[in-house]
Amino acid sequence: MRFITHTKMSLPWRVFRKASPGLRSISVSANLLMNFVPSTSSIDANLVDRLQHFVSQASRLFVISGAGLSTESGIPDYRSEGVGLYARTDRRPMQYKEFVGSAKSRQRYWARNYVGWPHFSSHKPNAAHRTLRRWEEAGKLHWLVTQNVDSLHSKAGQRRLTELHGCAHRVICLGCGTVSLREELQRRFEALNPEWRAQTLGVAPDGDVFLEDEQVLHFRVPSCTACSGTLKPEVTFFGDNVSKATVQLVHDRLAESDAMLVTGSSLQVYSGYRFLLAAKERCIPIAILNIGPTRADHLAELKVSARCGEVLSILQPL
């Protein structure tokens, strides 16, 4: 039984027809191998030793992961200094009200998502994901809450997991609530748009890419096969709220824990930050592993500024 519960650089991509009818592929520039992880100084060995002690002392460790974990798998984030979306471009992610309130906005969103999906869905877990899975297997990690929607924790085999903001690999109908696989929707996009072409202007987080508006004018978006309703990724868009049931589940798992470790998150979004406040109120010790400052630095007894995979992979779940 699985425990899983339900975020300007020129990067030229081209969509083109393959020899097999109905199939598409994406030609990806070598520039897509660019590093989305911000630079950091050498690791402070003393801080790593203290973090090892912190992990060793915990018997039911509660972990929160953020986009800084997935940047090491090649997925860009929003807020990383110098390399995040907000630093690279003035573009901003789709807002919930805009998506549900405008058919043209949904057309633009899905066209961009369609182009970016083959690359986004191909990303693999990195050393940090694999380490956290091993900690779970060793009985060290009690629960993991991820703010990421890329499914990399699931791909790594994590079981005691809550995807706080949902998962881009699933699609939900806003009319009847039917949930389906994003990969199935990709095939429907292909069938509806056999001759459609686009070239991107860059890559963004969460499976999105940048397209000029005129490129999406003729892109066709399918509706729900069950009720003809509007389809939306099963993720929490900016401006939307995490369900009360999911928030309560996370609070319950936190109450069972005896230490909290934040990995790769600036905690700027309240949906995750609230659990730091709850941990502090419960006198649960907090450690943070993240490049750059976070919203909760003042709540932590230990802060390590380094790459998550580099540090986690040398820690032992003693």
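This is a guided tour of the structure, stop by stop, with a selection to make at each one.

**Before you start**

The model is predicted, so local features need pLDDT of at least 70, side-chain atom pairs count only at pLDDT 80 or more, and totals for chains, interfaces and linings use all residues. Residues are numbered from 1 along each chain as its sequence is written, and side-chain values use heavy atoms, with hydrogens and water left out.

**Stop 1: strand β11**

Select residues 259-263. This is strand β11. Helices (H or I, at least four residues) and strands (E, at least two) are DSSP runs, numbered from the N terminus. Is β11 mostly covered or open? It is mostly covered: five of its five residues are buried. Buried means under 20% relative accessible area, exposed means over 50%, and partly exposed lies in between (1.4 Å probe, protein chains only).

Show the side chains. Ala259, Leu261 and Thr263 point one way from β11. Met260 and Val262 point the other way.

**Stop 2: the neighbours of β11**

Add residues 61-65, strand β3. β3 and β11 run parallel, joined by five bridges. Two strands pair if DSSP finds at least two bridges between them. Find serine 65: its bridge partner in β11 is threonine 263.

Now add residues 286-289, strand β12. β12 also pairs with β11 in the parallel sense, over four bridges. Here valine 262 has isoleucine 288 as its bridge partner. Follow the chain from β11 through helix α10 (residues 270-281) to β12. This β-α-β crossover is right-handed: with the strands pointing away from the viewer, the path from the first strand over the helix to the second runs clockwise.

**Stop 3: on to β4 and β5**

Go back to β3 and add β4, residues 141-146. Five bridges join these parallel strands. Phenylalanine 62 has tryptophan 143 as its bridge partner in β4. Six of the six residues of β4 are buried, so the strand is largely enclosed by the rest of the structure.

Next comes β5, residues 161-163. β4 and β5 pair in the parallel sense over three bridges. Look for leucine 144, whose bridge partner in β5 is leucine 161.

**Stop 4: helix α9**

Select residues 244-255, helix α9. What span do its twelve residues reach? From first C-alpha to last it is 16 Å, close to the 16 Å expected at 1.5 Å a residue. The expected span is 1.5 Å times one less than the number of residues.

Colour Thr246, Val247, Val250, Arg253 and Leu254, which are buried. They cover an arc of only 125° around the axis, which puts them on the same side of α9. The arc is that of the directions from the helix axis to the C-beta atoms. Turn to the face away from the buried side: Lys244 and Ala245 are exposed there. What covers the buried residues of α9? The cover includes β3, β4, β5, β11 and α10, where contact means heavy atoms within 4.5 Å.

**Stop 5: helix α8**

Select residues 182-192, helix α8. Its buried residues are Arg182, Leu185, Gln186, Phe189 and Glu190. Their arc of only 150° around the axis puts them on the same side of α8.

**Stop 6: salt bridges**

A salt bridge is a side-chain nitrogen of Lys or Arg within 4 Å of a carboxyl oxygen of Asp or Glu. By this rule the count comes to six.

Select arginine 108 and glutamate 98. Their closest N and O atoms are 2.6 Å apart. Arginine 108 lies in helix α5 (residues 103-120) and glutamate 98 in helix α4 (residues 96-101), so the pair ties together parts that are ten residues apart in sequence. Arginine 108 is buried at 19%, whereas glutamate 98 is partly exposed at 30%.

Move to glutamate 137 and arginine 133, with closest N and O atoms 3.7 Å apart. They are four residues apart in helix α6 (residues 127-137), separated by about one helical turn.

Try aspartate 297 and lysine 303 next, at 3.4 Å. Elsewhere, Glu163, Arg170 and Glu234 are joined into one network by salt bridges that share partners.

**Stop 7: two serines**

Select serine 151, in the loop between β4 and α7 (152-156). It has a positive phi of about 70°, although it is not a glycine. Serine 228 has a positive phi too, of about 65°. Find serine 228 in the loop between β9 (209-210) and β10 (231-235). Which is buried or exposed? Serine 151 is buried at 14%; serine 228 is exposed at 58%.
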